[in-house]
Amino acid sequence: MHHAVPAVQLRSISKRFGAVHANRDITLSVTAGSIHGLVGENGAGKSTLMAILYGLVQADRGTIAIHGKTVAINNSRTAIALGIGMVHQHFLLIDSMSALDNVLLGAEPHWRLTRSRAVVLEQLKVLIQQTGLEVDLTRLVGELTVGARQRLEILKALLRGARILILDEPTAVLTPSEAEQLFVTLRQLRARGTTVLVITHKLKEVMTLCDAVTVLRAGQVVFDGPIAQCSLDQLAQAM
């Protein structure tokens, strides 16, 4: 599993919003093909850090390297082009459109797939087969379960070429059985070489799902290491 070059390397990332020091000199390395947990209380700086990685927010200081290459991520289009995908806590889907049309059009500004409907449908069917991300593509998004909407967002990211997937509090909206299904999916994606970053504050989930974990507190890294070398208590105390 260990590759020489990390999928993501954040070095000395700092970000202030007025008086709030959201990220203070954060350095973080994510092994390619691993599931990495980013945990902390609300306001610890997790979402800001991932927004910087996805190009939604610009860091005041620090550098980002993707697969060993230093990059400037000025917006989410750049992030997508670099193979980074993000599944937000509140899905960017349009209820009155079919699942397929949501993938074709995307809810983000400036986003439209240039591929034809037939080609996209075929590619999605292959992805669904490979990943087990079952979604009825003909249904209106408004009729889909929350779990299916989330699966659709993951498919959307994968179709755009995401090799690094950021999930923001993915189980907050799911039933326990949907959460279990999501974990199976994420392990399958990891087996395909996808790197998964999970923002969460649920420590039990981190212990069962993740290969490594970084704990943030008040915008700083207070713990970072492989899951095999830490306990639930250690994580709880670090938080």
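This report walks through some strands, a sheet and two backbone oddities in the structure above. Keep in mind that this is a predicted model.

**The four-stranded sheet**

Let's start with an open sheet of four strands, which runs in the order β2-β1-β4-β5 with antiparallel pairing. Its edges are β2 (20–30) and β5 (69–71), each of which has a pairing partner on one side only. Going from one strand to the next, the twist averages 30°. Inside the sheet, β1 (residues 8–17) and β4 (residues 61–66) are joined by five bridges in the antiparallel sense. To find your place there, look for Q9, whose bridge partner in β4 is A65. Helix α1 (residues 46–53) packs on this sheet, where it touches β1, β2 and β4. The direction of α1 makes about 115° with that of β1.

**Around β8**

Now move along to β8 (residues 195–200), a mostly covered strand with six of its six residues buried. Which residues of β8 are buried on each side? On one side they are T195, L197 and I199, and on the other V196, V198 and T200, so both faces are covered. That fits a general pattern: in a regular strand the side chains alternate between the two faces of the sheet.

β8 pairs with β3 and with β7, as the table shows.

| Partner of β8 | Sense | Bridges | Example pair |
|---|---|---|---|
| β3 (residues 35–39) | parallel | five | L38 with I199 |
| β7 (164–168) | parallel | five | I166 opposite L197 |

The chain gets from β7 to β8 by way of α6, and this β-α-β crossover is right-handed.

**Two positive phi values**

Two residues are worth a click for their backbone angles. E169 is not a glycine, yet its phi is positive, near 45°. This residue sits in the loop between β7 (164–168) and α6 (176–191), on the path of the crossover just described. Is E169 buried or exposed? Its relative accessibility is 8%, so E169 counts as buried, the cut-off being under 20%.

A218 also has a positive phi, about 50°, and is not a glycine either. You'll find A218 in the loop between β9 (212–217) and β10 (220–226). With a relative accessible area of 48%, A218 is partly exposed, because the exposed class starts only over 50%.

Notes:
Residues are numbered from 1 along each chain as its sequence is written. This is a predicted model: local features need pLDDT of at least 70, side-chain atom pairs count only at pLDDT 80 or more; totals for chains, interfaces and linings use all residues. Side-chain values use heavy atoms; hydrogens and water are left out. Buried means under 20% relative accessible area, exposed over 50%, partly exposed in between (1.4 Å probe, protein chains only). Two strands pair if DSSP finds at least two bridges between them. Axes are lines fitted to C-alpha atoms, for helices over the stretch in contact, and angles run from 0 to 180 degrees between N-to-C directions. Contact means heavy atoms within 4.5 Å. A crossover is right-handed if, with the strands pointing away from the viewer, the path from the first strand over the helix to the second runs clockwise.
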